[in-house]
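Q: I have a model open and would like to learn how to read its strands and helices. Could you walk me through it?

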Amino acid sequence: MAEPSRGARLARLFPALVPTGSGLVRDLVAGLTLAAVTVPEQMATARLAGYAPQFGLLAFIAATLGFALFGASRVLTGGADSTITSIFAGSLAALAATGAAGVQQSGAMLALLVGAFVVAASLLRLGWVASLLSTPVLTGFLAGISVHIIVSQLPAVLGVPAGGGALFDQLAGLAGRLGALNPLTLVLGLGVMLVVLVGERWRPRWPWALVAVAAASLLVASLGLEPLGVATLGALPFGLPGPVVPAFGEVLDLLPLALIVALVVLIQTAVVANAFREPGRPAEIDRDYLGIGMGSLLSGLAGAFPVNASPPRTAVAASAGARSQLAALLAALLVLALLLAGGPLLGGIPVAALAGVLLFVALRILRVATMTRVLRAAPVEAGLILVTALAIIVLPIQTGVAIAIGISLLHSVYISASTRAVRLVRLPGSTVWWPPAAEVPGERVPGVLVVGFPAPLLFANAEIFRRGVMRLVADEAAPPRLVVLEASGIADVDFTAGAMLVELIGTLRQRGIAVALARLESARAARSVHRLGIAQALGEAAIFHSVEEAVRQLGSRSDAR
């Protein structure tokens with residue numbers, strides 16, 4: 001057998017670094033574009049976290065290096081992310097105010113914990129975790145996060161001192177300081193937001209955030225607006241930040257927050273990886289988890305904070321033509337050069353300009369189009385958007401996130417529990433058994449009842465299924481000789497439902513009714529049927545590949561009872 005080539009080995013070990021086709025030139029262009037977009041966004045997100053702006057650039061470098069070496073997607077980019085930053089920023093500040101460690105030490109420890117959880121999820125192949133939040137709940141979650149970002153940035157845009165506390169306390173304090181509003185900062189902040197918002201719609205590939213922030217900086221410098229109350233970042237230190245020792249003593253305090261942040265990272269990473277997967281190449285979610293998790297670990301070791309997959313920057317990389325993670329690595333090298341030597345250049349950036357970038361991010365994650373579609377197609381589920389958003393807005397964010405996850409799980413349990421057993425009929429002139437419809441009434445076979453159930457059989461719906469089958473039996477004009485359970489929609493059977501099925505089979509047989517199982521298509525459900533004793537209760541001769549086969553073999557027997 002031939003030895004794999006060096007290129008094949010490289011592709012297997014580092015799939016994200018191998019460009020498709022003639023991708024090096026495209027990666028070069030995409031890397032320059034990505035760097036231009038990244039700098040203002042990462043600096044703004046670092047300020048949202050309560051860090052100096054350069055830590056956002058450091059987080060991006062760490063996330064890029066970790067994902068390029070260990071991830072699978074060729075275009076996904078990671079770094080500081082406003083979604084998770086809004087979740088942990090307040091908690092880190094509160095912890096620093098009451099403990100011995102500062103925000104940086106606690107943030108570094110949080111990054112290590114989040115990275116460890118995400119890496120563990122990769123090793124345990126927990127890609128299914130991404131389905132824990134339904135689309136309406138995820139939309140409501142992002143809407144709530146959007147409100148938190150907007151409120152946190154209003155002081156910088158208005159040019160008034162920032163307040164602390166819960167969201168409504170911040171709003172109350174802000175209302176009391178409106179008399180000190182600075183019109184210049186308001187124009188700068190809203191101007192940057194509008195330039196990016198309009199520019200993104202006009203020319204999506206252009207680095208509008210960089211253009212707007214650079215223009216605002218030039219305006220402040222040329223007109224001498226600092227003495228008029230326009231705050232800038234001020235002199236930033238050269239070089240990489242000094243080493244930070246993570247707050248190992250606060251591990252227990254940080255664990256609940258780390259779990260919530262890690263769960264959001266898992267969900268967002270899976271969403272981004274699936275949204276930007278290459279045609280013909282399935283997303284490798286578990287491998288992407290490894291890349292993002294390693295990025296968070298490196299960020300923590302560098303003294304920064306947790307990182308996440310970024311939907312907008314991934315979209316920029318993809319639209320700019322990136323063919324591998326070489327584009328992100330080039331962007332990281334440019335950011336590193338700026339971090340090492342660009343302190344004076346960055347120091348003149350107005351604080352309101354970075355706040356304007358975050359206001360744009362907040363508006364971007366507010367999925368109005370999705371809300372409208374959900375409201376039109378599923379008004380009940382639109383209520384989930386509202387409830388989730390209110391939970392995130394009114395309660396502490398980590399509590400709101402936990403409630404959002406609980407709402408999503410309860411919603412899925414409700415859907416499963418509300419599924420009902422349905423009588424199936426044979427479509428005329430065929431062997432297909434289908435739920436009856438007004439336009440196609442279907443055919444019945446005397447003495448035969450075919451029952452379908454389009455959901456997994458679980459503890460939540462086992463009793464509902466049993467009562468449904470018994471009701472259908474009772475509704476028959478004459479007691480049926482045979483009941484066929486059509487199982488094509490049953491993906492799995494848990495222990496509680498298995499015990500119920502065994503009991504139901506016994507009950508029907510006591511009444512002289514034969515029972516058969518047909519179209520058990522799920523391999524997982526088939527294993528459960530044998531493991532839980534259902535097959536033994538039925539007998540292998542009563543398990544069929546099709547309903548028609550079961551009806552022909554058992555339905556006309558006089559001894560079917």
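Q: Which residue in β7 does Glu 486 stand opposite?
A: Happy to help, and keep in mind that this is a predicted model. Glu 486 stands opposite Ala 518 of β7. The two strands involved, β6 and β7, run parallel and are joined by five bridges.

Q: In what order do the six strands of the open sheet come?
A: Reading across, the order is β4-β3-β5-β6-β7-β8, with mixed pairing. β4 (433-434) and β8 (543-544) each have a single partner strand, so they stand at the edges with one side lacking a neighbour in the sheet.

Q: Which strands does α19 touch as it packs on the sheet?
A: α19 touches β3 (422-426), β5 (448-452) and β6, and its direction makes about 155° with that of β5. Another helix, α23 (residues 547-554), lies across β3, β4, β5, β6, β7 and β8, running at about 165° to β6.

Q: Now a helix: which residues of α20 are buried?
A: Buried here means under 20% relative accessible area. In α20 that applies to Ala 497, Gly 498, Met 500, Leu 501, Leu 504, Ile 505 and Leu 508. Down the helix axis, these buried residues fall within an arc of 160°, so they line one face of α20. Their cover includes α19 (462-475), β6 (482-486), β7 (514-518) and α22 (534-538). On the other side, Phe 495, Glu 503 and Gln 510 are exposed.

Q: What caps the N-terminal end of α20?
A: Asp 494 does, with a side-chain oxygen 3.3 Å from the backbone nitrogen of Thr 496. Just after the helix, Gly 512 takes a positive phi of about 80°.

How values were computed:
Residues numbered from 1 in each chain as written. Predicted model: local features only at pLDDT ≥ 70, side-chain atom pairs only at ≥ 80, totals over all residues. Heavy atoms only, no water. Buried < 20%, exposed > 50% of the residue type's maximum accessible area, 1.4 Å probe, protein only. Helix = DSSP H or I, 4+ residues; strand = E, 2+ residues; numbered from the N terminus. Arc of directions from axis to C-beta. Contact = heavy atoms within 4.5 Å. Polar contact = N/O pair within 3.5 Å; in protein donor to acceptor, adjacent residues only side chain to side chain. Pairing = 2+ DSSP bridges. Axes fitted to C-alpha atoms, helices over the stretch in contact; angles between N-to-C directions.
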